[in-house]
Amino acid sequence: MSAFRAAVLEHFRHPRNRGALAGANASADGANALCGDRVRIELLIEQGRIVDARFTADGCAVCIASASVATEWARGRSLSDMSILQTSIVHELLGGAPAPGRERCLSLPLDTLRRAADTSRTS
Amino acid sequence: MARHLIDWLDSAASDDAAALATLVSASGSTSKKIGAKMLVGRDGELAGGVTIGGCVDAQVIAAADEIVAHGGRRLLGISLDDDEAWEIGLTCGGSVEVLIERIRPPSTGDATAVAYRAAHRALDLGAGAAVVRVLDGAGGALAINEHGTRAGTLGDASLDDAAADIAREALRTGHSQSVTLTTTSGEHRVYVDCLVPVARLLIVGAGEIAMALVRFANELGMHTIVVDGRDRYASRERFGDADEIRVGMPSEIVAGITPNSRLAVVLVAHDYKYDLPVLRQLLRAPVGYLGLLGSKRRGAAMRDLLRADGFTDAELARIHTPIGLDLGGRSPAEVALSIIAEIVAVRTGKRP
């Protein structure tokens with residue numbers, strides 16, 4: 001089994017930061033209209049910094065793993081850091097990339113996380 | 001529960017009275033189901049019906065008028081074999097029994113009204129309930145909900161116990177019936193009026209099997225709810241006859257639907273991204289049926305993952321997978337038929 005696949009399955013079985021975030025002050029929902037993945041990212045932001053990040057999802061293993069590592073990555077970072085959150089960072093964190101047809105599964109939580117951060121900046 | 005009876009119980013003034021006529025038994029062919037009700041008001045107003053109408057209903061109304069005016073109760077036996085109608089083939093044949101009793105609003109302590117009010121409260125909370133009355137003796141009424149909670153009495157503790165047992169059994173099938181009970185105080189003929197919440201079918205996964213499921217469920221009078229995360233699938237164009245279409249995170253949608261024994265849930269997305277989170281929501285919920293589309297191997301793998309989440313073998317055994325009775329069909333409509341058949345078999349107790 002590849003390192004990527006092992007990491008994805010490990011995060012799928014034991015996701016980090018899964019569940020609603022009490023006291024969240026920013027959030028966004030994301031959906032893949034074709035495969036049906038659904039993700040919500042909730043953030044607690046204080047003074048321009050992400051203090052806590054959690055996710056809720058009905059998604060495939062790649063989607064869940066991506067949300068798991070992305071919320072880990074986001075904690076403690078500034079809102080401006082969210083602009084550098086690209087799929088390449090998640091590839092590095094998971095030890096590889098999914099098959100070409102599954103990139104959208106991996107990018108959905110990242111898009112949703114960036115939008116959640118944006119809602120804070122625009123509100 | 002008959003809407004007109006609920007409305008009357010809710011709105012009748014404390015000095016009001018009416019006659020409640022209930023079809024309690026039938027032999028031969030009748031167009032109304034046992035349990036059909038007619039309410040006859042003090043000023044002659046009618047709501048509902050117990051028979052096919054015509055001369056038969058006229059006999060019920062005449063007896064009801066008498067009872068509204070002077071009180072009491074009566075078990076009216078009526079033959080449907082009108083000789084002239086029989087000759088020209090216009091009668092269905094058979095006979096019916098109609099229990100007619102005077103009722104007053106629940107606030108007066110009227111036993112029948114209080115029992116139906118208790119049963120209606122159970123229905124509001126999504127639980128089935130039965131109201132039992134003695135047919136061959138004095139009044140009295142006993143309400144029993146599917147959790148065993150009782151209200152009222154038939155006037156005899158041993159009869160109450162026997163009635164509660166038969167009511168729970170009747171609630172399992174949902175069929176109202178007249179039966180004879182033997183207790184320490186003798187034989188008693190009673191009528192068990194089953195009041196069950198509308199059966200609901202919750203379908204997760206808006207594919208072709210779901211489309212066929214909605215069609216079959218409609219035939220059975222079930223309330224259908226179609227759930228998916230994709231609005232291109234769960235659309236009104238594809239599910240024109242569905243009662244509800246909900247698009248969103250399936251596990252969250254399911255969490256917002258009140259479970260009860262009349263709720264059947266079928267997972268036909270054939271996608272673990274929905275199956276696992278929805279099963280986590282429902283394995284400890286009191287739903288009447290929980291089915292999962294997939295092979296034995298897939299079902300076993302799903303159970304293994306859920307077992308690791310802390311679900312017990314008894315909880316996991318509630319999942320019907322492979323889903324449906326084995327009818328041998330493969331097309332979406334055939335699979336849907338097998339699923340609907342299994343739901344009915346579970347409800348009637350023909351299948352665990």
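How many bridges join S6(B) to strand S7 (residues 141-145) of chain B, and do they run parallel or antiparallel? Keep that one in mind; we get there after a look at the whole model.

**Before you click**

This is a predicted model, where local features need pLDDT of at least 70, side-chain atom pairs count only at pLDDT 80 or more, and totals for chains, interfaces and linings use all residues. Residues are numbered from 1 along each chain as its sequence is written, while chains are lettered from A and ligands numbered from 1 in the order in which they are written.

**Stop 1: chain A**

Select chain A and colour by secondary structure. You should find 4 helices and 3 strands, running α-β-β-β-α-α-α from the N terminus on. Helices here are DSSP runs of H or I with at least four residues, strands are runs of E with at least two, and both are numbered from the N terminus.

The C-alpha atoms of chain A fill a box of roughly 45 × 25 × 25 Å along the principal axes. Its radius of gyration is 13 Å, which agrees with the value near 14 Å for a compact globule of 123 residues. That radius is taken over C-alpha atoms, and the globule rule is 2.2 Å times the number of residues to the power 0.38.

Of the 123 residues in chain A, 42% are buried. Buried means 20 or more other C-beta atoms within 10 Å of the residue's own, exposed means 12 or fewer, and partly exposed is in between, with C-beta atoms placed from the backbone.

**Stop 2: where A meets B**

Now select the residues of chain A in contact with chain B: 10 residues on the chain A side and 13 on the chain B side. A contact means that the C-beta atoms of two residues, placed from the backbone, lie within 7 Å. The chain A side has 4 nonpolar, 3 polar and 3 charged residues. For these classes, Ala, Val, Leu, Ile, Met, Phe, Trp, Tyr, Cys and Pro are nonpolar, Asp, Glu, Lys and Arg are charged, and the others, Gly among them, are polar.

**Stop 3: chain B by domain**

Hide chain A. Chain B has 11 helices and 16 strands, in a C-alpha box of roughly 65 × 50 × 40 Å along the principal axes. Of its 352 residues, 45% count as buried.

Colour 17-103 as domain 1, 108-197 as domain 2 and 200-347 as domain 3; such bounds come from an automatic or database domain assignment. The C-alpha centres of domain 2 and domain 3 of chain B lie 33 Å apart. Their contact takes 6 residues from domain 2 of chain B and 4 residues from domain 3 of chain B.

**Stop 4: the cores**

Show B:Ala21, B:Ala115, B:Ala130, B:Val132 and B:Ala143 as spheres: they have the most contacts inside the largest nonpolar core, which has 59 residues. Such a core is a set of buried Ala, Val, Leu, Ile, Met, Phe, Trp, Tyr and Cys residues joined through C-beta atoms within 7 Å. Helix H4 (residues 111-124) of chain B gives the most to this core, with 8 residues. Domain 1 and domain 2 of chain B both give residues to this core, so it lies between them.

Zoom in on B:Ala115, whose contacts include B:Val131, B:Leu142 and B:Ala151. A second, separate core of 50 residues includes B:Ile209, B:Met211, B:Ile245 and B:Val278.

**Stop 5: strand S6 and its partners**

Select residues 129-134 of chain B, strand S6: 6 of its 6 residues are buried. B:Ala129, B:Val131 and B:Arg133 point one way, and B:Ala130, B:Val132 and B:Val134 point the other way.

Back to the opening question: 5 bridges join S6(B) to S7(B), and the two run antiparallel. Strands count as paired if DSSP finds at least two bridges between them. B:Leu142 in S7(B) is the bridge partner of B:Val132. The two strands form a hairpin with 6 residues between them, and B:Gly140 in the turn has a positive phi of about 105 degrees.

Next, add strand S10 (residues 186-195) of chain B, which pairs with S6(B) in the antiparallel sense over 6 bridges. There, B:Tyr191 is the bridge partner of B:Arg133.

**Stop 6: the parallel sheet**

Finish with the open sheet of 6 strands in chain B, ordered S13-S12-S11-S14-S15-S16 with parallel pairing. Strand S13 (244-247) and strand S16 (319-320) of chain B are the edges, each pairing on one side only. Inside the sheet, select S11 (residues 200-204) and S14 (residues 263-267) of chain B, which pair over 5 bridges. B:Ile203 has B:Val266 in S14(B) as its bridge partner.

How values were computed
Lists of a residue's contacts leave out its neighbours within four places in sequence.
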